[in-house]
Amino acid sequence: MSAQHSQQGIAVSIRSVRKVYGDPATGPVALKCVDLDIRDNEFFTLLGPSGCGKTTLLRMIAGFEFPTAGEICLYGENIADRPPYERPVNTVFQHYALFPHMTIAENLAFGLESHPMGQRMSKAQIAERVAEMLALVQMERFAARRPSALSGGQQQRVALARALAPHPKVLLLDEPLSALDLKLRQAMREELKSIQAKTGITFIFVTHDQEEALTMSDRIAVLSEGEVQQVGRPDDIYENPRNRFVADFIGETNFISATLISVAGEQAQYRIAGGAMIEARVVDGLQAGSPVTLSIRPERLQLVSEDTPNALPCQVHAQIYMGTDLHYQVELADGLRVTVRTPNSAGQRQRLVEGQRAGLLFEKGSASVLLD
Ligand code: ATP
């Protein structure tokens, strides 16, 4: 549902937004100049390391902070003058902030009654909405319990139901899974994704966890030091990182220095140290002789026997057993070290050992040219 509707309009439009805390001339700059369009019904993730400005951006959409410059529009309307409770937006925080002396149903009802939308609803309508929301997050059975009698995951589901109850057009989620253990986090990812698809509400999700971002999002914006580095679908960001920061932050990669040798149509030949040639896309503005950095994911490299045609000779420097995978660090003739990841499958039972000579193959299309 979300993918189909996502083309229909823009839910949140962020235009040249800058945020400086305190004195605009001397205060810390949280966001430099951010432009983003978040589509209606989209699961959109703001991903980046601690301090990159994700929460600041979320708080400005919610109305808890104000931009120093630029504007934020919700469904085409500039919301600068609208206080938080008049925005069609609600937030789920990392800490659930449920009232301990109220039951789960009372927590939800209270949340609604104190919201402008709930104030227009009768007691019966509120009770009906509470039941509907508890069913949505599969917590009907717990309606009469108090928060202290629920697990962390259950409390987070209640917090989600409470935020969804006023039917916001946009739901902001600030690292909502980070207090949960790994197994629960993984289960909640699927649940969040399915609730977003069921409700059709635009979700803006903040995380520093790249796996969370890759598995749940329709699109991701990668942020670093107050700037958007890249926006795209998870596969696009992983397969075609724009720059060194994105390639490094999302997954593991090998950075390989290369020189552009020749161009043929959309593809170009790059020579890596040691003389081997690698094909990758053409980049505007580069000329023969230009130095570039290539990013090649470890799973797109293959270790074969030494005498395989076109394989680069290499030597195993180290091997690490990872359970599902084996990681090899191999050294090429010129001293360049790369990491190769191979699945721990039946075909890989013959493990290579340190010091063993082998051949290295680059899968076609595996190299991304990084712009900076
Ligand atoms: P985290 O994942 O650690 O929450 P984040 O990406 O959400 O980080 P923000 O909380 O948006 O980052 O902070 C961005 C920058 O702004 C940081 O350098 C932070 O120190 C600074 N900052 C945030 N809030 C304030 C504030 N109230 N006053 C001054 N500086 C602030």
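## Cores, a covered helix and one cavity

In this predicted model, L171 touches N90, V92, L160, A163, L164, I201, T202, F203 and I204, with residues up to four places away in sequence left out of the count. Beyond that core member's neighbourhood, a second, separate core of 29 residues takes in I296, C314, V338 and L360, among others.

The largest nonpolar core has 36 residues, and those touching the most other members are L160, L164, L171, L173, L192 and F203. At least two residues of this core come from each of the elements tabulated here, and α5 gives the most, with six residues.

| Element | Residues |
|---|---|
| α3 | 104–113 |
| α4 | 123–136 |
| α5 | 152–164 |
| β7 | 170–174 |
| α6 | 182–199 |
| β8 | 202–207 |

In soluble globular proteins, nonpolar side chains tend to be buried together.

Helix α2, which spans residues 54–62, is mostly covered, since seven of its nine residues are buried; these are K54, T56, L57, L58, M60, I61 and A62. Just after this helix, G63 takes a positive phi of about 100°.

As for enclosed space, the count comes to one cavity of 30 Å³ or more, and the largest cavity holds about 50 Å³ of space. The residues that line the largest cavity are Y238, E239, P241, S295, R297, R300, S366 and S368, and by class this lining is made up of two nonpolar, three polar and three charged residues.

Note on methods
Residues numbered from 1 in each chain as written. Predicted model: local features only at pLDDT ≥ 70, side-chain atom pairs only at ≥ 80, totals over all residues. Heavy atoms only, no water. Core = buried A, V, L, I, M, F, W, Y, C linked by side-chain atoms within 4.5 Å. Buried < 20%, exposed > 50% of the residue type's maximum accessible area, 1.4 Å probe, protein only. Helix = DSSP H or I, 4+ residues; strand = E, 2+ residues; numbered from the N terminus. Contact = heavy atoms within 4.5 Å. 1 Å grid on protein atoms, 1.4 Å probe; cavity = no way out; pocket = protein on both sides within 12 Å on 5 of 7 lines; lining within 4 Å. Points joined across faces, edges and corners; volume = space filled by probe spheres on them. Nonpolar A, V, L, I, M, F, W, Y, C, P; charged D, E, K, R; others polar.
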